[in-house]
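Here are my notes for you to read next to the model. Keep the 3D view open and follow the points in order.

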2 protein chains.
Amino acid sequence: MFGYDEVAEFVQREKPAVVAFVHAETSTGALQDPRPITKAARELDALTIADAVTSLGGVPVSVDEMDIDIAYSCSQKGLSCPPGLAPFTASRRAVERLNARKTPVPEWYLDLRLLGEYFDGHKYHHTASATLFYALHESLRLIHEEGLENRFARHRRAHHALLQGFEELGLRMHVAEGYRIPHLNTPRVPEGVDDLKVRKHLLEKDGIEIAGGFGPLAGKIFRIGMMGPMANEECVKMFLGRFGEALQAAA
Amino acid sequence: MFGYDEVAEFVQREKPAVVAFVHAETSTGALQDPRPITKAARELDALTIADAVTSLGGVPVSVDEMDIDIAYSCSQKGLSCPPGLAPFTASRRAVERLNARKTPVPEWYLDLRLLGEYFDGHKYHHTASATLFYALHESLRLIHEEGLENRFARHRRAHHALLQGFEELGLRMHVAEGYRIPHLNTPRVPEGVDDLKVRKHLLEKDGIEIAGGFGPLAGKIFRIGMMGPMANEECVKMFLGRFGEALQAAA
């Protein structure tokens, strides 16, 4: 979590051309408020890039209001579509910066200028995956039908039901209140419990896959995704029952 | 089309680390025999890279026998699967060259070493598109069921039926005999015929899409793909009837 002062101090000292940050951190379950970062970056005219891979579709990603220049995401998390696509947006400011480049982009595959010309429809770049586009279209249609606000509220309701269940199971959350991703919850593994055993039990007995922590958090947290159609109280209730059993079996 | 002498002379003069070539050229309809190129390249220990985008699944791509180090292709042509995947192969020699790199690969996304570790299953790189993998698996299953040799022979039969039809329509082929891609045929646009009119007629009246030439070949050739399940005499017969009508309408 970065506050304005911290980012401002960094930006003043390093004068970066770009400030990049992760909006919703999949490995910890922490949600970063973009505004303190983008405000500090803007004061020195740095571009801002948000990794919205886990946030899009679950919490607001209001790029203009949040003053984010570039955001990218994925299709298989909050949008609940098959994986394979990376939704992407760039502000006018970012495009101007791109167009002012003096050196060519070294990678044809990742050259945003060529991709922009392709997007505008006048210059071939690659063969797009029509199948995945249809899938994305359908997932966006479902989101539109539900309404963004309703969707966010549903994710929050599922989150609170999950939190209540964790409390009843005696679990503590890794991330402090106010900084949690509603649809990716990271309770701490209780003292003396082997997280691998819990996850194996869930997967093999109930066909439910949750993730463990990695790096410094290996064995310390569970990572429990509850996104898109799964973010509802019925799923939460079912999951909590099985999770409780798995914890007991592994204790 | 490159012969051995031509490539050998080039390789001796330029001493390239890598010789890359297009196996089946989509823009012209020409099939390049890889052997003269790879033989000359090997004599100077250059790696060989084959663009097998249009060839794989329609004609043999025997990388070992053809002495190709790296070949890449696509899923949506000869394999008849939805687009979005790029099948890829690298020889032991290419992998050794990669592992001997002194500078890191600048692009994380395209770093073959990271992709190799991901492929081996021990290090996460990206979320693969499971949907497309299932589709590719099914298309490979269908190819296996038919048998590669049968499949190639079927493409050749469709090709010869198409050639006969073109002759009856008075069309000449852009590519000389012996150098043609069986499943991507490029007859010349007859004198005085507007190729766009022909293609528009076919698309709007019959729902058949064929491509035109581009660059120096714009307006000069048609590019007619007949791949995978479409490479059969019934499709050819149907197509030739509609194509004849479209040519007549546009004359």
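1. First, a term you'll need: two residues are in contact if their C-beta atoms, placed from the backbone, lie within 7 Å. Also keep in mind that what you're looking at is a predicted model.

2. With that in hand, how many residues of chain B are in contact with chain A? The count is 15 residues of chain B, and they meet 15 residues of chain A. On the chain B side that touches chain A, you'll find nine nonpolar residues, five polar ones and one charged one.

3. Now for how the chains are arranged. A turn of 180 degrees, with a shift of 0.0 Å along the axis, lays chain B on chain A with an RMSD of 0.0 Å. The two copies are therefore related as by a two-fold rotation axis. Both copies use the same surface, too: of chain B's contact residues, 100% recur in chain A.

4. Next, look inside chain A, at helix α1 (residues 4–14) and helix α2 (residues 34–43). Their axes are 8 Å apart, and the helices pack at an angle of about 30 degrees. Angles under 35 degrees count as roughly parallel, so α1(A) and α2(A) are roughly parallel to each other. The crossing of α1(A) past α2(A) is right-handed.

5. Which residues make the contact between these helices? From α1(A) come A:Tyr4, A:Val7, A:Ala8 and A:Val11. From α2(A) come A:Pro36, A:Ile37, A:Lys39, A:Ala40, A:Ala41 and A:Glu43. Sorted by type, the residues of this contact are eight nonpolar, two charged and no polar.

Methods:
Residues numbered from 1 in each chain as written. Chains lettered and ligands numbered in written order. Predicted model: local features only at pLDDT ≥ 70, side-chain atom pairs only at ≥ 80, totals over all residues. Least-squares fit on C-alpha atoms with pLDDT ≥ 70 in both. Axes fitted to C-alpha atoms, helices over the stretch in contact; angles between N-to-C directions. Helix = DSSP H or I, 4+ residues; strand = E, 2+ residues; numbered from the N terminus. Parallel < 35°, antiparallel > 145°, perpendicular 65-115°, else oblique. Left-handed = near helix turned anticlockwise from the far one by under 90°. Nonpolar A, V, L, I, M, F, W, Y, C, P; charged D, E, K, R; others polar.
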